[in-house]
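Let's take a walk through this model together, one packing site after another. Have the 3D view ready so that you can follow along.

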Amino acid sequence: MTTTGAGWSLRGRLAVLVAVVGLLLIGVAVAEAVVATRNRAHIDAVLNQTGPLRAQSQELLAVLVDQETALRGYALTGEREDLAPFDTGRQREQELAGSMDRLLISYPELRDEFGTVQQRAEQWRQTVALPVIAAIETGGAAAGQQLLTDQSRQQFDQIRVAVDVLQNGILEVRDEAAADVRSTSNLLVLLLVIAALVVLVAGIVLLTSLERMVIRPLTSLAGQVREVAVGDYGHRITGAGPPEFQRLGEDVDAMRQKIAADLAEVREARERIEWVNAQLQKQAEELTRSNRDLEQFAYVASHDLQEPLRKVASFCQLLQRRYAGRLDERADQYIAFAVDGAQRMQRLINDLLAFSRIGRLTTGFTDVDLNRLMAEVAAQTEPARQYADAELTWGELPVIRGEEPLLTNLLVNLVSNSVKFRRADVPPKVHVSARLIGEDWEITCQDNGIGIEPEFADKIFVIFQRLHAKDAYPGTGIGLAIVKKIVEYHGGRVWVDTDVPEGTAIRFTLPALPADVEAATSATGADGDAADGPDPAEVDTDAAPGRAADEAPAGGGTVGAEAGGESERPSAVAGLSQTGGGTGGMKEAVG
C-alpha cells in the first residue's frame, strides 16, 4: 500500500476496499458453491432416482397383475394365446428389475424391500403359475382351475402388500429429498441476498469515497482549467486531494505553459491548413469541371464525330470503287490511304467510347459462370481461330460476381490477343485456367505466341500503347487497356507473368464468392495435412479435364468483338508454357 506525507494514495485506498469486498464475495461464492452442489444432488435424487423408482414400481405392480390375469384366463380357456401377456409380463418384469436395481444402489433399505417383492413374485410363479400351466398342458383347463384356490390368491395378495410397502418407502425417501431441496434452495437465496448486501454496501462506500477523494478535487481542477480555457493563460493551476491529483495539477499547469508558448505556432499552422484546404477545394472544382468536359467529349465523339467520319469513309470508298484504275497508281494509293485512315479513326473512336463507358454504364453485378462465358467467347472468336488454325481450351472455371458483358469483353480481348500475336508457321494454342488463392480467383490466359519481354510487361496495359507497327499487327492499341480497366472495376488486378519459359501468360484476379472460400477452407481443414502439402489458400480448379473450344455451344452476343487484342508483344518465344493454372489432363481440339 502506497502512502505519502499527504495521506494514503487513491490507488491504496481503492486497493483496500476492493480487497475487503473481494474476500467477502469469495467467501459467499464458496458457500454458494457448496450449497449449490448439495442442492443439485437433492434435485437429482428427486428427478432422476426416486421419481423414476416410483413410476417403475407402479409399472411393476401392473406387470405382475397382468401375469396373474393372463394365468386365470389361460385356466378358463386353455388357449395358449391367452398366456401371451404372462410371457410378456415376465420379460418386462426382468427389464424393470434391472433398471430399479441400478436406481436403488444408494438406498439399501428400499433395495431390501424390492428384494422381498422379487422373492414373493418368484415364489408365486414357482408354486402357483408354473404348476397351473403344466397342469393345463397335461390335463386341460379343468386341471388348471383346480389349482387356482383361495390360498393361491392370498399368495398373490402378499405380492401386492410387498409392492405397497416398497412404494411407501420410495415416497418417504422422495419427500425427504424434496425437503432437502427446499432447504438448500432457501439457503442459496439467503447467500445471494448476503452477496447483494455486500455489493450494495461496497457501492455506497465507493460512492462516498469517490465524492470526497475524486469528484471534489476534480471539480476544483476543472474550474481552474475553464479559467484558462476562456483565455486566461496566466492563471496558475494547483491540484488538491490525493497525491495523484496534486501531481495532475502540476502536469496540467505545465501543459498550460506549453500551450501558451505554442499558441502562436498553432495559429500559423491553422492559417497554412486553411490555405491548403482552399487549394484542394479549387482542385476538386477543377476535377469536377474536367469530368464534365470528358462526358461532353464522349457525347460529341459518339454523335458529332461519327457522322463526318461515316461520310468521309463512304465517299472515299465510292471514289475507290468508281475511279479505281482510271487514275494513276499514286491517286489510287492516296484514296486507299484516306479510306484506311477514316476506318482506323472510326475504330479508335469506338474503342475509346468502350473504354470510357466501363464502370459508367452498368447493368449490375450478377453471378456469372465463367464456363458458360467461355463458350460465348469461343463462339465470338471462332472466325479468327479458324483463320489462324488456333486451338482454344479451358479448365474448370468458377462462378464469380460481375457484369457478364464486361467479363465477356475481357476474355474475348485476351483470347483475340493470343491468336493475333502468334508465331509464324506455328498453330496458336490458347488455354484459360483458374485457381483459388486466398479470397481471390487467379485466372490465367496462356498461349504459345511471340511472348513479351519483361521490360514491356507494364507498358502493354497503357492506352494506345503499341509495340509494333500497325502493318505488322493491326489494331488500335486499346485492347489490354480495356482488360485492365474491366479487371480493376471488378476489384482485381492484372499482370503479365514474365517467368514463363515460352509464350505469354496474362494473369488477373477476381474476388471469389464466400461459398467458394468457405468450401476451400473446409476442405483444407478436413484434409489435416497442411504442413506437408501445398499452400492451403490455393485451390487449382484446372485439375479437372479441360474443355476444348469445339465442345462449347456456338452462339451468343458480340460484346467486345471489335475491341479485342490491341496491344503488342515485342519478342518471339517458341512453344506453350505449362505453368500457372496448368493444362494437365485437358482435352484439346482445333478451333
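**Two helices and the core around them**

In this predicted model, a good place to begin is the packing of H11 against helix H12 (residues 479–489), where the axes lie 9 Å apart and make an angle of about 145°. The crossing of these two helices, H11 and H12, is left-handed. From H11, the residues that take part are Leu-406, Asn-409, Leu-410, Asn-413, Leu-414 and Asn-417. Facing them from H12 are Gly-479, Leu-480, Ile-482, Val-483, Ile-486, Val-487 and Tyr-489. Sorted by character, the residues of this contact comprise 9 nonpolar and 4 polar ones, with no charged residue.

Now widen the view to the largest nonpolar core, which has 45 residues. Leu-370, Met-374, Leu-407, Leu-410, Leu-414 and Phe-508 have the most contacts inside this core. Its biggest contributor is helix H11 (residues 404–420), which supplies 8 residues. Try centring on Met-374: leaving aside neighbours within four places in sequence, Met-374 is in contact with Leu-392, Trp-394, Leu-397, Leu-411 and Val-432. Another core, of 39 residues, lies apart from this one and includes Ala-75, Leu-96, Ala-97 and Leu-104.

Our last stop is an acidic residue in a loop. Asp-497 sits between strand S8 (494–496) and strand S9 (504–511). Is Asp-497 buried or exposed? With a relative accessible area of 16%, Asp-497 counts as buried, because that value is under 20%. Not counting residues up to four places away in sequence, Asp-497 touches Ala-505 and Arg-507. With Arg-507 there is also a polar contact of 2.7 Å between the two side chains, Asp-497 being the partner.

How values were computed:
Residues numbered from 1 in each chain as written. Predicted model: local features only at pLDDT ≥ 70, side-chain atom pairs only at ≥ 80, totals over all residues. Heavy atoms only, no water. Core = buried A, V, L, I, M, F, W, Y, C linked by side-chain atoms within 4.5 Å. Buried < 20%, exposed > 50% of the residue type's maximum accessible area, 1.4 Å probe, protein only. Helix = DSSP H or I, 4+ residues; strand = E, 2+ residues; numbered from the N terminus. Contact = heavy atoms within 4.5 Å. Axes fitted to C-alpha atoms, helices over the stretch in contact; angles between N-to-C directions. Left-handed = near helix turned anticlockwise from the far one by under 90°. Nonpolar A, V, L, I, M, F, W, Y, C, P; charged D, E, K, R; others polar. Polar contact = N/O pair within 3.5 Å; in protein donor to acceptor, adjacent residues only side chain to side chain.
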